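Trainee: Could you take me through one helix in this model, up close, and the empty space around it? I'd like to know what packs there and what lines the gaps.

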Amino acid sequence: MRYALCAVVLLMAAVCSAQKVAITFDDLPLNGDLPPGVTRVQIARDTLSLLKSRHAPPVYGFINAKKLEENPDAAEALKTWAAAEPFGNHTYRHLDLNQNPAEAFEREIDENEPALELLAGKDSNWHWLRYPYLREGDTAEKRRAVRAYLQAHGYRVAQVTLDWEDYLWNSPYARCVAKNDSKSIAWLKSSYLTIESSYLDLGRDLAKLVYGHDINHVLLLHLGAFSSTILPDALDLLQKKGFTPVTLEEAQSDPAYESDPDVGSKYGGTLLELWIEAKKIKFPPVMEKPYQELQEICK
């Protein structure tokens, strides 16, 4: 009986260790439209306050410095984030590598660095790159060229394995708040959580298809008007699904992140989606996101 109990304990420990997730935010300091009277600083402060209250480990935010220009609210929001949480490079203008040569993309990385250096404290590690649109190059040659540049300049790639395009809800939420449409806001919340649940399950399914077992995950979110409103429920759902937040460094210490699909992709996607494409694995069924409804709601 004792040995059986030990086996159960070991099995449970293995399951728990495979459910780690790093939470990250893209498009700092702004994404989507704002509700009336709401500022970027307020969104940043509310989100940071929530993360602190949940005792979340350090959460990376990925910065596009172009968005600071002639926008004091955005600049102050970014300072607020950088004083509390780590940050990395998301290119200066959120450039699409698939639509541009590798040299132009590399210049965008370099052009973003002065803002990161100004924000950096003594112990800041901002040499992480998150590819805009999760597009790492439409050809293998372009992908390899940028990877070589990143390695030469001391960058690590901040991968993504969990993504449900959460930014789609930011501007609709701003519109619905402006109209004081509580019914529509309730639908936004319920639809978001339904999609989140489905795509958390999808991420686990894809990991098993690619690697044969679960892995540490990296979650992509966007800092926008809906963030602090939906985040409490979104974090609750993560916990309910068995995920435990960890740092980006810990998540990517998983051996799964040591390999590279090394494939050009027309559409891009998460690390798992790129592996599915590279291995020519049939993609499992997935819940469709409410694109049209989100576009039309509260218009």
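Mentor: Here's the helix, then the cavity beside it, then the biggest pocket and two residues from a nearby topic. Bear in mind that this is a predicted model, where local features need pLDDT of at least 70, side-chain atom pairs count only at pLDDT 80 or more, and totals for chains, interfaces and linings use all residues. Residues are numbered from 1 along each chain as its sequence is written, and side-chain values use heavy atoms, with hydrogens and water left out.

The helix to look at is H8, residues 227-240. (Helices are DSSP runs of H or I with at least four residues, strands are E runs of at least two, and both are numbered from the N terminus.) H8 has 14 residues and covers 19 Å from first C-alpha to last, close to the 20 Å expected at 1.5 Å a residue; that expected span is 1.5 Å times one less than the number of residues. After the helix comes glycine 242, with a positive phi near 95 degrees.

Now for its inward side. Buried (under 20% relative accessible area, with over 50% exposed and anything in between partly exposed, using a 1.4 Å probe and protein chains only) are Ser227, Ile230, Leu231, Ala234, Leu235, Leu237 and Leu238. An α-helix has 3.6 residues a turn, so residues three or four places apart point the same way. The cover over the buried residues of H8 includes strands S1 (20-28) and S6 (217-222), along with helices H2 (40-53), H6 (170-178) and H7 (182-211); contact here means heavy atoms within 4.5 Å.

H8 also lines a hollow. On a 1 Å grid over the protein atoms alone, a cavity is a set of points where a 1.4 Å probe fits but cannot get out, a pocket is an open set with protein on both sides within 12 Å along at least five of seven lines, and lining residues have an atom within 4 Å of a point. The count is 3 cavities of 30 Å³ or more, and the largest is about 70 Å³; volume is the space filled by probe spheres set on grid points joined across faces, edges and corners. H8 gives the most to that lining, with 4 residues, and S6 also supplies at least two. Among the lining residues are Ser227, Ile230, Leu231 and Ala234, plus Phe25, Asp166, Tyr192 and His222. By class, the lining has 7 nonpolar, 3 polar and 1 charged residues (Ala, Val, Leu, Ile, Met, Phe, Trp, Tyr, Cys and Pro are nonpolar, Asp, Glu, Lys and Arg charged, and the others, Gly among them, polar).

The open space is another story. The largest pocket holds about 630 Å³. Its lining has 25 residues, with Tyr133, Asp163, Glu165, Tyr267 and Gly269 nearest the centre. S1, H7, S6 and helix H10 (271-279) each give two or more of these, and the classes split into 10 nonpolar, 7 polar and 8 charged.

Glutamate 165 deserves a stop: it sits in the loop between S5 and H6 and counts as buried because its relative accessible area is 17%. Its side chain makes a 2.6 Å polar contact with that of lysine 289 (an N or O pair within 3.5 Å, one able to donate a hydrogen and the other to accept it, with sequence neighbours counted only if both atoms are side-chain atoms). Tyrosine 167, in that loop between S5 and H6, makes a side-chain polar contact with the side chain of glutamate 165 at 2.9 Å. Tyrosine 167 is partly exposed, at 33%, and touches Asn31 and His222, leaving aside residues up to four places away in sequence.
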